[in-house]
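Reader: Got a minute to walk me through this one? I'd like to go through the fold and then the pockets.

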Amino acid sequence: MDYCSKTSCKSSSPFDCLLFDLDDTLYSSKIGIAEGLRKNIDDFLVEKCGFPENKAPSLRVELFKNYGSSLAGLRALGYDIDADDYHSFVHGRLPYDLIKPDSHLRNLLRSIPQRKIIFTNSDRNHAIMSLKRLGIEDCFDQIICFETMNPNLSKSTTPYEFPILLKPSMDAMKIALRVADVDPLRSLFLDDNVRNVAAGKALGLHTALVGKMVKSKEADYVLEHIHNLAQVIPEIWVRATDSSDPRISRTRSEMDAILTATTVGA
Ligand SMILES: [Mg+2]
C-alpha cells in the first residue's frame, strides 16, 4: 500500500486523513432523531417480529448492549431480517427535516485539506440524507457505512452465515481501514462513542472523542462539539512552511476566520 500517494506526505500535519463518525459526532441526534429511531425500532420489533409492545423498549436496549444494534441482535438470534427492509423501516421514516444546515461545520470541513471520510454504522441512505440536510454532502471523499462493512449480507442463506459487523468490532474497523486505504498512524478518527474510540486507538489511529467534556483513556483529544475542532486540534491545518502552494495560504486564512468566528460566537 502506497500511503504517500494519497495526498500530503509533504505536509507537516500528523494527519493525511480524517475519519468522521456521523450521528452525534457531526450533529446531535438529541434534536428528535434519536427519539424517532428508538420509536421506529420498537415498532419494528412489534410489527415485524411479533414481540409484545411492552417488551420492545427493554429488548431494544438489550440487543444494542449485547450485539451493537437491534438488527445485528435479531439476526444473531435467528431472525431472518433483511437489512434493507430494516433500514428503510427504522431510518427511512425519521424526521430528517429536524436536521438543519450547519454552515459553520461546512466552512470548517472545507478548510481541511486532507482526505475526509465518513465512517458510520448507519446505512448509506441515512448517511446521505443526514449529510444533505446538514449541507455537507460534498465535503467528503468517501462514505464507509453499514453496507461497506457487510458486503455479503444479501448473499446469506441463513441469518447466521455472515454475522453483522459494526464499530467497535475489530473486524469492522479493519475493513474500514482497508477500504479507506489509509495509514492508521497518520489518520485521525473522530467519534462520540468511547468504545469506538478505544477500538480505533487499538488499531493505531489518532483518536478524538466528540461531544464529551472528559477525555476517555484511549482518546488523544476530546471535543465538546465538532465546531471546536480548530481550537482543540489545530495541527490538522499545519502545513510545510516552505511550500508555495496558494491553497495553503488560503487554508491558513480560512482557519484564522474559523477560529475568530468560533471564539466570538462561543
Ligand atoms: Mg455516533
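Author: Here is a short chat about this model.

Reader: What kind of model is it, and how are residues numbered?
Author: It's a predicted model, where local features need pLDDT of at least 70, side-chain atom pairs count only at pLDDT 80 or more, and totals for chains, interfaces and linings use all residues. Residues are numbered from 1 along each chain as its sequence is written, and side-chain values use heavy atoms, with hydrogens and water left out.

Reader: OK, how many helices and strands are in the protein?
Author: The protein has 11 helices and six strands. Those are DSSP runs numbered from the N terminus: helices are H or I with at least four residues, strands are E with at least two.

Reader: And what share of the residues counts as buried?
Author: 47% of the 266 residues. Buried means under 20% relative accessible area, exposed over 50%, and partly exposed in between, with a 1.4 Å probe and protein chains only.

Reader: What order do the strands take in the sheet?
Author: The six strands form an open sheet in the order S3-S2-S1-S4-S5-S6, with parallel pairing. S3 (142–144) and S6 (221–223) are the edge strands, each pairing on one side only. Neighbouring strands of this sheet are turned by 20 degrees against each other on average, direction ignored. For pairing, DSSP has to find at least two bridges between two strands. Axes are lines fitted to C-alpha atoms, for helices over the stretch in contact, and angles run from 0 to 180 degrees between N-to-C directions.

Reader: Which strands does S1 pair with?
Author: S1 runs parallel to S2 (residues 115–119), joined by four bridges, and also pairs in the parallel sense with S4 (residues 187–191) over four bridges. On the S2 side, Leu 19 has Ile 117 as its bridge partner, and Phe 20 stands opposite Ile 118. On the S4 side, Cys 17 is partnered by Ser 187.

Reader: Are the faces of S1 covered or bare?
Author: Both faces are covered. Cys 17 and Leu 19 on one side, and Leu 18 and Phe 20 on the other, are all buried.

Reader: Moving past S1, what about Leu 22, buried or exposed?
Author: Leu 22 lies in the loop between S1 and H1, and it counts as buried because its relative accessibility is 0%. Leaving out residues up to four places away in sequence, Leu 22 touches Tyr 27, Ile 118, Phe 119, Thr 120, His 126, Ala 127, Ser 130 and Leu 131. Contact here means heavy atoms within 4.5 Å. Leu 22 and Asn 121 are 99 residues apart in sequence, with 8.6 Å from C-alpha to C-alpha.

Reader: Now helices. Which residues of H8 are buried, and what covers them?
Author: In H8 (170–180), the buried ones are Ala 172, Met 173, Ile 175, Ala 176, Leu 177 and Ala 180. Their cover includes S1, S2, S3, H7, S4 and H9. Asp 181 follows H8 and has a positive phi, near 55 degrees.

Reader: Why does Asn 150 count as buried?
Author: Because its relative accessibility is 8%. Asn 150 sits in the loop between H7 (146–149) and H8, and touches Pro 163, Ile 164 and Leu 165, not counting residues up to four places away in sequence.

Reader: Pockets next. What's the volume of the largest pocket, and which residues are closest to its centre?
Author: The volume is about 1000 Å³. Of its 36 lining residues, Asp 23, Leu 37, Phe 64, Gly 68 and Asn 121 are the closest to the centre. A pocket here, on a 1 Å grid over the protein atoms alone, is an open set of points where a 1.4 Å probe fits, with protein on both sides within 12 Å along at least five of seven lines; lining residues have an atom within 4 Å of a point. Grid points are joined across faces, edges and corners, and the volume is the space filled by probe spheres set on the points.

Reader: Which helix gives the largest share of that lining?
Author: H1, with five residues.

Reader: And the second largest pocket, how much space is in there?
Author: About 340 Å³. It has 18 lining residues, and Asp 24, Tyr 27, Ser 28, Lys 30 and Gly 211 lie nearest its centre.
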